[in-house]
Amino acid sequence: MRFRINFIYFLFAIIFFSCKKESSQDSSLSNEFVNGDPLPQVIISTNGVQILDEPKIDAKMKISLNDEELFNGNIAIEIRGKSSQMFPKKQYGFETRDEENEDMDISLFDMPEEEDWILQAPYSDKSLIRNALIYDISRELGRYASRVKFVELTLNDVNDGVYVFMEKIKRDKNRIDINKLKKSEITGEDLTGGYIIKIDKPDDEYTPLNSFTSEHAPYDPSGNSSVKFLYDTPDEEDITIEQREYISSYIKDFENALAGENFRDPVLGYNSYIDTDDFIDFFLLNELGNNVDGFRISTWMVKDKNEKLKMGPIWDFNLAFGNADYCSGGESNVWAYRLNERCPGGYWPIPFWWERLLQDPEYVSKVKSRWKELRGTVFSSSNVNRMIDDYELILISSGSIKRNFERWPVLGTYVWPNNYIGSDYSDEMKFIRNWITERMSWLDSNINSL
């Protein structure tokens with residue numbers, strides 16, 4: 001009987017998607033949704049205590065799905081993010097805790113056991129799906145990205161709408177699977193990994209203890225920008241002098257080799273320092289979304305023991321897929337890696353790496369081959385559209401979209417930095433589908449002509 005009912009809901013959803021007509025925001029919220037299985041419900045109570053940026057505060061969390069309780073216990077929670085904190089819909093980071101309020105690894109939504117989790121809050125991304133889409137695509141490529149699950153959050157008895165439950169990026173055997181670098185590992189091959197480095201905004205300010213600066217200027221007409229790298233793992237409190245010197249020198253040597261006359265040489269050039277295939281996948285993922293923050297903010301790098309430098313995991317695509325009205329972030333016909341040319345003198349420029357790599361014919365040949373391969377599989381229009389259709393059906397049939405935009409009535413209004421403003425949710429989804437179609441077509445032509 002349950003299968004039969006769900007199948008009927010599915011048929012209703014198909015009918016609604018095929019028969020939608022233009023309407024106002026209010027009528028779209030009241031008429032175009034059908035009831036299906038609900039999203040998992042995340043209910044958090046802080047007993048009235050305000051959640052801060054930091055430190056974390058104690059709270060209780062219950063997770064349920066179809067009246068089945070999946071988790072009920074202690075957490076410690078804080079507001080997270082940087083520019084996203086301007087929005088009223090906050091995103092949160094939290095740790096799961098045991099009865100003694102100690103950190104506790106646990107499996108949630110069939111994700112591998114861990115203690116650190118994120119509730120990401122799509123707000124300016126009115127499709128609500130941009131991060132989920134690119135993370136799922138990345139994992140289909142065989143590259144780790146945070147596992148995700150759409151949920152509804154109720155915080156202190158207020159329904160705060162749709163959130164994306166996801167894994168926090170960190171060193172872990174089921175996340176970034178690299179060696180745990182000990183403070184005692186300061187010589188020989190022990191010193192070679194693992195490290196996690198970021199190109200990103202600092203929590204406070206850049207200092208010699210938390211960061212180092214590239215010696216090579218980016219391709220920037222203004223000539224007054226520099227690229228800074230942050231120590232993430234080990235962080236500034238745990239990394240030793242020897243480890244700090246090793247990883248900063250490794251990236252310096254890579255940049256010198258890439259900038260040098262012999263940069264194409266398999267021994268003297270960049271190939272000795274980076275996993276080229278990994279760099280290409282990272283490049284194509286960011287170009288797929290024309291990620292306006294790609295390569296320059298929320299950009300992660302990994303160096304494991306006795307291995308070359310790798311890029312990723314990818315992170316933070318809220319402003320990708322045509323959702324930014326600055327630096328051509330909304331356009332489907334520009335190169336993301338050439339943002340410095342369109343927006344010179346920015347605080348967070350893109351390193352020179354990507355332009356220089358594309359000056360190597362062998363590298364370019366690999367880019368073309370990989371793009372052609374992916375367009376027949378993970379990047380195929382049918383595969384990407386199927387993923388978007390699945391997200392839309394889940395969110396609409398559950399009724400969660402209606403409640404989300406009742407709580408946060410942003411449809412039809414500008415929210416920084418929207419490039420497109422749809423009158424209703426259907427418009428937002430049509431836009432992202434059409435934008436991706438145009439983007440794929442442009443990349444087909446322009447990658448082929450590199």
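Below, a biologist and a modeller talk through the terms used for this predicted model.

Biologist: Ground rules before we start?

Modeller: It's a predicted model, so local features need pLDDT of at least 70, side-chain atom pairs count only at pLDDT 80 or more, and totals for chains, interfaces and linings use all residues. Residues are numbered from 1 along each chain as its sequence is written, and side-chain values use heavy atoms, with hydrogens and water left out.

Biologist: Okay, what makes a set of residues a nonpolar core?

Modeller: The members are buried Ala, Val, Leu, Ile, Met, Phe, Trp, Tyr and Cys residues, joined through side-chain atoms within 4.5 Å. Buried means under 20% relative accessible area, exposed over 50% and partly exposed in between, with a 1.4 Å probe and protein chains only. The largest such core here has 102 residues, and Ile137, Phe279, Phe321, Trp353, Trp354 and Phe379 touch the most other members. Helix 11 (residues 425–448) supplies the largest share, 10 residues. A separate core has 25 residues, including Ile51, Ile75, Ile106 and Met111.

Biologist: Which residues does Ile137 touch?

Modeller: Leaving out residues up to four places away in sequence, Ile137 touches Leu285, Leu288, Val378, Phe379, Val384 and Met387. Contact means heavy atoms within 4.5 Å.

Biologist: And why is helix 3 described as largely enclosed?

Modeller: Helices are DSSP runs of H or I with at least four residues, strands are runs of E with at least two, and both are numbered from the N terminus. Helix 3 covers residues 130–140, and 9 of its 11 residues are buried, so the rest of the structure largely encloses it. Those buried residues are Arg130, Asn131, Ala132, Leu133, Ile134, Tyr135, Asp136, Ile137 and Ser138. They pack against strand 5 (116–120), strand 6 (148–155), strand 7 (158–167), helix 5, helix 9 (381–397) and helix 11. Just after helix 3, Gly142 takes a positive phi of about 95 degrees.

Biologist: How are helix 5 and helix 11 arranged?

Modeller: Helix 5 (residues 276–288) packs on helix 11 at about 135 degrees, with the axes 10 Å apart. Axes are lines fitted to C-alpha atoms, for helices over the stretch in contact, and angles run from 0 to 180 degrees between N-to-C directions. Under 35 degrees is roughly parallel, over 145 roughly antiparallel, 65 to 115 roughly perpendicular, and the rest is oblique. That angle therefore makes helix 5 oblique to helix 11. Leu284, Glu287 and Leu288 of helix 5 meet Trp435, Arg439, Met440, Leu443 and Ile447 of helix 11.

Biologist: What makes up that contact, by class?

Modeller: It has 6 nonpolar, no polar and 2 charged residues. Nonpolar covers Ala, Val, Leu, Ile, Met, Phe, Trp, Tyr, Cys and Pro; charged covers Asp, Glu, Lys and Arg; the others, Gly among them, are polar.

Biologist: Now the barrel: how do you know that two strands pair?

Modeller: DSSP has to find at least two bridges between them. The closed barrel has 7 strands in the order 1-2-3-4-5-7-6, with mixed pairing, and the twist averages 40 degrees from one strand to the next. Strand 1 (residues 41–45) runs parallel to strand 6, with 4 bridges, and its pairing with strand 2 (residues 57–65) is antiparallel, over 5 bridges. Ile43 is bridged to Thr154 in strand 6 and to Lys62 in strand 2, while Gln41 has Glu152 as its partner in strand 6.

Biologist: Which residues of strand 1 are on the covered face?

Modeller: Val42 and Ile44 are; Gln41, Ile43 and Ser45 make up the uncovered face. In a regular strand, side chains alternate between the two faces of the sheet.

Biologist: Any odd backbone? Why does Asp110 count as exposed?

Modeller: Its relative accessibility is 78%, so Asp110 counts as exposed. Asp110 is in the loop between strand 4 (92–97) and strand 5, and has a positive phi of about 65 degrees although it is not a glycine. Asp157, in the loop between strand 6 and strand 7, has a positive phi of about 70 degrees, and at 77% relative accessible area Asp157 is exposed. Most residues other than glycine have a negative phi, and most peptide bonds are trans.

Biologist: Which peptide bonds are cis?

Modeller: Among them are Gly193 to Gly194, with omega near 5 degrees, and Gly312 to Pro313, with omega near 10 degrees. Pro313 sits in the loop between strand 12 (309–311) and helix 6 (339–342).
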